[in-house]
Amino acid sequence: MALATAVVVTAGCSGPSQAERAADQLPDLSADGFTAVGCDALQQDALADIEDPYVRECWTGSPDAAFDAVANDVIGSITAATDAEDVTAFICPDDVIIDEVAFACRAAYDDEVMYRVVASLPDPAAVMDQLSEDPTDDEIEQAAAGQPVEVVVQTEKTPEE
């Protein structure tokens, strides 16, 4: 009888799912000067729908750092606050900055949850116009620092193997 009671009590006390806990651990970017916005306010075209219980948060700001450094900082905050492992090299394309598009993707994996961060420039031409024909990475970073940045931070189901 005691075993049956313990099973019932344990079953009734299951806490939030890992996806819900992951959502609670997303970083608050307001401390870094970002403002939370509705994701429909962003210029990001390829935002796929998020299925419950996964979440998406969107932010805008003009940090002192370039957009790729912002993406690094956000995924670093996530991996520091969770048991997630950075899997950017396996999940995300390389960072891109050209006249029409500029984004940096980062990802981390924690058992059942994927964290994804995408930082982008709504006006990449403003950065490109400041650069020479063959700019160095440092010149790009310097030109991108202080530019408006859009950041999407989300949790999602891990990809099927």
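Two exercises on salt bridges and one on a helix follow, all for a predicted model.

**Exercise 1.** Find how many salt bridges the whole structure holds, and place the one made by Asp95.

Solution.
- Step 1. Searching the whole structure gives 2 salt bridges.
- Step 2. In one of them, Asp95 pairs with Arg106 through their side chains, at 2.8 Å from N to O. The cut-off is 4 Å, so the pair qualifies.
- Step 3. Asp95 sits in the loop between helix 4 (88-91) and strand 4 (96-97), while Arg106 belongs to strand 5 (residues 102-110). They are 11 residues apart.
- Step 4. Asp95 has a relative accessible area of 36% and is partly exposed. Arg106, at 8%, is buried.

**Exercise 2.** Work out which parts of the chain the salt bridge between Arg116 and Glu156 ties together.

Solution.
- Step 1. The closest N and O atoms of Arg116 and Glu156 are 2.8 Å apart.
- Step 2. Arg116 lies in strand 6 (residues 113-120), and Glu156 in strand 7 (residues 149-157). The bridge therefore ties together parts 40 residues apart in sequence.
- Step 3. Buried means under 20% relative accessible area. Arg116 has 22%, so Arg116 is partly exposed. Glu156 has 16%, so Glu156 is buried.

**Exercise 3.** Determine where the buried residues of helix 3 lie around its axis, and what they pack against.

Solution.
- Step 1. Helix 3 (residues 67-81) has 15 residues and spans 21 Å between its first and last C-alpha, close to the expected 21 Å.
- Step 2. Its buried residues are Phe67, Asp68, Val70, Ala71, Val74, Ile75 and Ile78.
- Step 3. Down the axis, these residues fall within an arc of 160°, so they line one face of helix 3.
- Step 4. Their packing partners include strand 5, strand 6, helix 6 (137-144) and strand 7.

Conventions. Residues are numbered from 1 along each chain as its sequence is written. This is a predicted model: local features need pLDDT of at least 70, side-chain atom pairs count only at pLDDT 80 or more; totals for chains, interfaces and linings use all residues. Side-chain values use heavy atoms; hydrogens and water are left out. Helices (H or I, at least four residues) and strands (E, at least two) are DSSP runs, numbered from the N terminus. Buried means under 20% relative accessible area, exposed over 50%, partly exposed in between (1.4 Å probe, protein chains only). The expected span of a helix is 1.5 Å times one less than its number of residues. The arc is that of the directions from the helix axis to the C-beta atoms. Contact means heavy atoms within 4.5 Å.
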